[in-house]
Amino acid sequence: MLERDENGEPPVLGCDDREPAFSRCTMAFVWTPGIAADLRFRVMHARDWPEIYQEVGRVLQLLKKA
């Protein structure tokens with residue numbers, strides 16, 4: 001899985017839990033040049049972040065050029 005992007009930046013997850021009904025975590029990163037990933041999920045799943053990130057990487061590896 002992506003450890004750091006082409007600029008040396010690691011993936012970052014940001015969560016906002018100020019509004020319980022709408023609390024979300026978001027993250028985005030460039031997977032490969034021209035392909036970016038953007039995720040949003042409920043903050044209650046934030047503790048599963050490592051597994052979520054691994055699964056996103058697994059799914060992205062299934063992408064094929066059109």
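In this predicted model, Cys-25 has a relative accessible area of 0% and is therefore buried, since the cut-off for that class is under 20%. Cys-25 is joined to Cys-15 in a disulfide, with the two sulfur atoms 2.0 Å apart. A disulfide is a covalent bond between the sulfur atoms of two cysteines. The count for the model comes to one disulfide. Cys-15 lies in strand E1, residues 14-16, and Cys-25 in strand E2, so the bond ties together parts that are ten residues apart in sequence. The torsion about the S-S bond of Cys-15 and Cys-25 is about 105°, which means that the disulfide is right-handed. Cys-15, for its part, has a relative accessibility of 41% and counts as partly exposed, because that value falls between the 20% limit for buried residues and the 50% limit for exposed ones.

Cys-25 also belongs to the largest nonpolar core, a set of eleven residues. With Cys-25, this core contains Met-27, Phe-29, Trp-31, Ala-37, Leu-39, Phe-41, Trp-49, Tyr-53, Val-56 and Leu-60. Three elements each give two or more residues to the core: strand E2 (24-32), strand E3 (35-42) and helix H1 (49-60). In soluble globular proteins, nonpolar side chains tend to be buried together.

Leu-39, another member of this core, shows which residues meet there. Apart from its neighbours within four places in sequence, Leu-39 is in contact with Cys-25, Thr-26, Met-27, Trp-49, Ile-52 and Val-56. Among these partners, Cys-25, Met-27, Trp-49 and Val-56 are listed in the core as well.

The chain as a whole gives the setting for these details. Its secondary structure comprises one helix and three strands, and from the N terminus the order of the elements is β-β-β-α. Of the 66 residues of the protein, 21% count as buried. Where contacts join residues at least 6 apart in sequence, 32% of them link residues at least 24 apart. The C-alpha trace spans about 40 × 25 × 20 Å along its principal axes.

The surface and the charges complete the description. The accessible surface of the protein comes to about 5300 Å², and carbon and sulfur atoms account for 53% of that area. The protein carries 9 positive and 11 negative side chains, and the centres of these two sets lie 6 Å apart.

Notes. Residues are numbered from 1 along each chain as its sequence is written. This is a predicted model: local features need pLDDT of at least 70, side-chain atom pairs count only at pLDDT 80 or more; totals for chains, interfaces and linings use all residues. Side-chain values use heavy atoms; hydrogens and water are left out. A nonpolar core is a set of buried Ala, Val, Leu, Ile, Met, Phe, Trp, Tyr and Cys residues joined through side-chain atoms within 4.5 Å. Buried means under 20% relative accessible area, exposed over 50%, partly exposed in between (1.4 Å probe, protein chains only). Helices (H or I, at least four residues) and strands (E, at least two) are DSSP runs, numbered from the N terminus. Contact means heavy atoms within 4.5 Å. A disulfide is a pair of cysteine sulfur atoms within 2.5 Å. Accessible areas come from the Shrake-Rupley method with a 1.4 Å probe; for residues, only the protein chains shown count as cover. Lys and Arg count as positive and Asp and Glu as negative; His and the chain ends are not counted. The place of a charge is taken as NZ of Lys, CZ of Arg, CG of Asp or CD of Glu.
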